[in-house]
Amino acid sequence: MSSPAKAAPTAVAAPVKPLVYVAAAISALGGMLFGYDIGVISGAILFIKKQFSLSPGMEEIVVSSVLLGSLIGAAAGGVLADRLGRRRLSIVTAIIFCLGAAGAALAPDTAWLIIARVVAGVAIGVASFVSPLYISEIAPVDIRGKLVSINQVALTSGIVISYLIDYAFAPSEDWRWMFALAVIPAAAFGIGLFFIPDSPRWLAGRGHLDQAREVLKRIRSPEQMESEVKEIQSSVSQQKGGWSELFSKLLRSAMVVGIGLAIAQQITGINTVIYYAPTIFKFAGLSTASAAILASVGVGVINVVLTVVAMQLIDRVGRRPLLLISLAGMAFSLLVLGGAFLLPQFKSVLGWIAVGSLMTYVGFFAVGLGPVFWLILSEIYPLRVRGRAMSVGTAANWLSNLIVALTFLTLTKSIGKPGTFWLYAAVTVGAWFFAWFLVPETKGKTLEQIEAHWRAGKHPRAL
Ligand code: BGC
């Protein structure tokens with residue numbers, strides 16, 4: 001049997017079957033719900049605080065409970081993704097999304113609300129990695145980057161939609177509707193999943209080769225199908241699966257890349273902007289509520305637009321160039337943002353420099369680090385351990401997210417605003433070097449070729 005490393009790539013440029021796009025779009029609803037559910041709280045909290053008379057401490061718990069749930073979902077979801085399968089686990093996740101949304105909407109008191117938000121968080125934690133995982137496994141190699149990035153486009157759109165819904169219900173202060181509306185995409189996600197196939201790679205990994213073939217028949221041309229089946233078969237025969245394979249020496253560098261990028265995506269500060277944009281703008285002198293809201297919507301829209309740009313480029317220029325440009329641009333914007341806070345004498349100028357550098361920062365994140373992290377995470381692990389390996393990286397991502405969220409305001413108080421943003425800038429420079437030395441270029445490689453690369457014991461950069 002020929003080694004998959006030497007096998008001809010399956011990138012036969014045949015037309016992509018519409019079912020591939022439909023399946024990717026339905027799966028990406030998981031990403032949309034992820035975005036909606038993390039974004040919605042920013043507006044809702046203003047009215048919840050009033051109605052439940054929350055202390056600042058309680059307010060922080062209500063806001064960050066979703067992150068705790070996400071951490072739990074990410075950590076627990078991996079084994080389930082490998083056992084139940086990507087699609088079935090997504091169906092369970094859709095149900096949990098509905099319960100979380102309905103629970104928060106109906107919450108009679110703070111404790112109930114916190115529990116509902118943890119439940120929604122569990123769904124977010126699972127969806128955050130299962131959607132890219134599923135899409136990556138059904139995608140033809142030459143458009144895999146673009147298809148997986150649809151999930152990040154859906155995620156960023158979910159954030160903007162949640163801001164707009166918050167804005168629409170703000171006059172009536174009806175925070176319950178803000179949460180309740182998530183039931184609609186959650187139901188669409190759950191129902192849609194019944195109409196799309198299981199991941200052919202997961203089926204093959206579980207020994208159901210005939211079913212895998214049936215699925216491939218629906219999503220590939222006959223020639224593409226044969227070469228893909230051979231490649232999957234050959235790679236499955238060389239895997240043991242389970243935790244021992246995951247932590248074996250051969251996968252060490254893949255684990256370092258996944259976990260390292262997961263941490264880098266968060267500790268470079270993106271969610272300080274997503275969660276605290278209005279606060280940062282307020283620091284910078286934009287004090288009216290409507291200016292702050294408008295600026296937040298602007299940040300969200302830039303995030304979507306530049307993610308769409310990344311989606312168009314990712315299979316052409318590759319993951320690495322986007323990642324390196326992104327990190328360099330983010331570091332520069334953070335330096336400027338920090339510097340802006342040193343110039344209090346130019347109050348109004350400061351406001352504009354802050355807005356400008358923040359938007360530039362988000363734009364650079366969106367064109368690289370945002371989508372590239374989730375894409376690479378979905379590409380670099382061997383089939384039989386892919387679910388659990390992704391869940392380890394995803395849990396590292398959510399844990400770092402939680403730590404940054406809990407320390408940002410304290411940091412600005414202890415080392416000052418310039419110091420805080422410069423600290424993120426320094427961390428971003430470190431992340432750039434990490435990416436330069438360790439992140440592989442996965443463009444144009446089949447998932448099986450990437451696996452064979454680790455099995456051959458080669459350095460990530462040599463891919
Ligand atoms: C990150 C999230 C972030 C979002 C913003 C995602 O890739 O994982 O933490 O909130 O991008 O667009």
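Where is Ala-14 found, relative to α1 (18-39)? Ala-14 sits in the segment before that helix, and the first view below starts there.

This is a predicted model, in which local features need pLDDT of at least 70, side-chain atom pairs count only at pLDDT 80 or more, and totals for chains, interfaces and linings use all residues. Residues are numbered from 1 along each chain as its sequence is written, and side-chain values use heavy atoms, with hydrogens and water left out.

**View 1. Ala-14, in the segment before α1 (18-39).** Helices (H or I, at least four residues) are DSSP runs, numbered from the N terminus. Ala-14 counts as buried because its relative accessibility is 19%; buried means under 20% relative accessible area, exposed over 50%, and partly exposed in between (1.4 Å probe, protein chains only). Leaving aside neighbours within four places in sequence, Ala-14 is in contact with Ser-221 and Gln-224, where contact means heavy atoms within 4.5 Å. Look for Pro-140 too: Ala-14 and Pro-140 are 126 residues apart in sequence, with 9.5 Å between their C-alpha atoms.

**View 2. Two residues of helix α3, Ser-65 and Arg-83.** This helix covers residues 56-83. Are these two residues buried or exposed? Ser-65 is buried, because its relative accessibility is 5%, whereas Arg-83 is exposed, with a relative accessible area of 53%. Beyond neighbours within four places in sequence, Ser-65 is in contact with Ile-114, Arg-117 and Val-118. With the same kind of neighbours set aside, Arg-83 is in contact with Trp-202 and Arg-206. Arg-83 and Gly-387 are 304 residues apart along the chain, and their C-alpha atoms are separated by 8.8 Å.

**View 3. The largest nonpolar core, with 141 residues.** Such a core is a set of buried Ala, Val, Leu, Ile, Met, Phe, Trp, Tyr and Cys residues joined through side-chain atoms within 4.5 Å. Leu-113, Trp-175 and Phe-179 have the most contacts inside this core. Its largest share, 14 residues, comes from helix α5 (residues 110-138). Not counting residues up to four places away in sequence, Leu-113 touches Trp-175 and Phe-179, along with Ile-48, Phe-52, Val-62, Ala-104 and Ala-107.

**View 4. The ligand and the 14 residues that surround it.** A residue is near a molecule if one of its heavy atoms lies within 4 Å of it. The closest residues are Gln-265, Gln-266, Asn-271, Asn-303 and Trp-374. Some of them also make polar contacts, pairs of N or O atoms within 3.5 Å. A side-chain N or O atom of Asn-271 is 2.6 Å from an oxygen atom of the ligand; for Gln-266, the distance from such an atom to a ligand oxygen is 2.9 Å. A polar side-chain atom of Trp-374 lies 3.0 Å from an oxygen atom of the ligand. The protein covers 100% of the 310 Å² of accessible area that the ligand has on its own, with areas from the Shrake-Rupley method and a 1.4 Å probe.

**View 5. Aromatic rings, with 13 pairs in the structure.** Rings of Phe, Tyr and Trp (its six-membered ring) pair if their centres lie within 6.5 Å; planes under 30 degrees apart count as stacked, over 60 as edge-to-face and the rest as tilted. Trp-243 and Phe-247 form a stacked pair, 6.3 Å centre to centre with 15° between the planes. Trp-243 is partly exposed at 39% relative accessible area, and Phe-247 is exposed at 52% relative accessibility. Trp-374 appears again here, in one aromatic cluster with Phe-34, Phe-373 and Trp-398.

Definitions and conventions. A polar contact is a pair of N or O atoms within 3.5 Å; within protein, one must be able to donate a hydrogen and the other to accept it, and residues adjacent in sequence count only if both atoms are side-chain atoms.
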